[in-house]
Amino acid sequence: MSVSHSACQDCGACCASFRVSFYWAEADDGGGTVPAGLTERRDAFHRCMRGTWSATPRCIALQGEVGRGVGCRIYPLRSSACRELHEGSPQCHRARQRWGLPPLERDAGSQAA
């Protein structure tokens, strides 16, 4: 399967597989963009997206059904952790495998999710 620009919009496995942690100041109450109300404190320096710090993570900002057309309510405001996860990366493959989805082949020109 070849990765298209919208591969993440059809997947969402990463948003329901990992804890989404980031530096606290990425939240809007620290000068960043991530809505603070959608986060929870991990420690004095880090936050994570609500719903991702559990045995069965699912980001509060994820809309839709994993593997069937999803969206992020805060996509333009998302954290660096989300911006750094790339389509077709090993982390992407682990998340997709967890949800029973086939791996993606990374195109030479693909961008971050």
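**Figure 1. The largest nonpolar core of the predicted model.** In this predicted model, the largest nonpolar core comprises 20 residues. Met49, Leu62 and Ile74 are the members with the most contacts inside this core. Leu62 is in contact with Gly12, Cys15, Ala16, Val70 and Gly71, when its neighbours within four places in sequence are left aside.

**Figure 2. Overall arrangement of the chain.** The protein contains two helices and five strands. Read from the N terminus, its elements follow the order β-β-β-β-β-α-α. The protein has 113 residues, of which 36% count as buried. Of the contacts between residues at least 6 apart in sequence, 56% join residues that are at least 24 apart.

**Figure 3. Surroundings of Ala16.** Ala16 is located in the segment before β1. With a relative accessible area of 1%, Ala16 counts as buried, because the cut-off for a buried residue is under 20%. Outside its neighbours within four places in sequence, Ala16 is in contact with Pro57, Arg58, Leu62, Val66, Arg98 and Trp99. Of these partners, Leu62 also belongs to the three residues with the most contacts inside the largest nonpolar core. The C-alpha atoms of Ala16 and Thr56 are separated by 7.5 Å, although the two residues stand 40 places apart along the chain.

**Figure 4. The salt bridge between Arg47 and Asp29.** The model has one salt bridge. It is formed by Arg47 and Asp29, whose closest N and O atoms are 3.0 Å apart. The pair links distant parts of the chain, with the two positions 18 residues apart in numbering. Arg47 belongs to strand β3, residues 46-49, whereas Asp29 lies in the loop between β1 (21-23) and β2 (39-41). Is Arg47 buried or exposed? Arg47 counts as buried, because its relative accessibility of 14% is under the 20% cut-off.

**Figure 5. Surroundings of Arg41 in strand β2.** Arg41 is part of strand β2. Its relative accessibility is 61%, and Arg41 therefore counts as exposed, the cut-off being over 50%. When residues up to four places away in sequence are not counted, Arg41 touches His46, Arg47 and Trp53. One of these partners, Arg47, forms the salt bridge with Asp29. Between the C-alpha atoms of Arg41 and Trp24 the separation is 7.9 Å, and the two residues are 17 apart along the chain.

**Figure 6. The largest pocket and its lining.** The largest pocket has a volume of about 460 Å³. Its lining consists of 26 residues, and those nearest the centre of the pocket are Cys14, Cys15, Val20, Cys82 and Leu85. By type, the lining divides into 17 nonpolar, six polar and three charged residues. Strand β5 (70-72) and helix α1 (80-83) each supply at least two of the lining residues. Which element gives the largest share of this lining? That share comes from β5, with three residues.

**Figure 7. Surroundings of Ser79.** Ser79 is found in the loop between β5 and α1. A relative accessible area of 1% places Ser79 among the buried residues, because the cut-off is under 20%. Leaving aside its neighbours within four places in sequence, Ser79 is in contact with Val20, Phe22, Glu26 and Val34. Val20, one of these partners, is also among the residues nearest the centre of the largest pocket.

**Figure 8. The largest cavity and its lining.** The model has one cavity of 30 Å³ or more. About 80 Å³ of space lies in the largest cavity. The residues that line it are Ala7, Cys8, Cys11, Gly12, Ala13, Cys14, Leu85, Glu87, Cys92, Ala95, Arg96 and Leu104. Nine of the lining residues are nonpolar, one is polar and two are charged. Cys14 and Leu85, both in the lining of the cavity, are also among the residues nearest the centre of the largest pocket.

**Figure 9. The position of His86.** His86 is found in the loop between α1 and α2, the latter spanning residues 90-98. At 27% relative accessibility, His86 counts as partly exposed, because this value falls between the cut-offs of 20% and 50%. The C-alpha atoms of His86 and Cys8 are separated by 9.4 Å, with the two residues 78 apart along the chain. Cys8 is itself one of the residues that line the largest cavity.

Terms used
Residues numbered from 1 in each chain as written. Predicted model: local features only at pLDDT ≥ 70, side-chain atom pairs only at ≥ 80, totals over all residues. Heavy atoms only, no water. Core = buried A, V, L, I, M, F, W, Y, C linked by side-chain atoms within 4.5 Å. Buried < 20%, exposed > 50% of the residue type's maximum accessible area, 1.4 Å probe, protein only. Contact = heavy atoms within 4.5 Å. 1 Å grid on protein atoms, 1.4 Å probe; cavity = no way out; pocket = protein on both sides within 12 Å on 5 of 7 lines; lining within 4 Å. Points joined across faces, edges and corners; volume = space filled by probe spheres on them. Nonpolar A, V, L, I, M, F, W, Y, C, P; charged D, E, K, R; others polar. Salt bridge = Lys/Arg side-chain N within 4 Å of Asp/Glu carboxyl O. Helix = DSSP H or I, 4+ residues; strand = E, 2+ residues; numbered from the N terminus.
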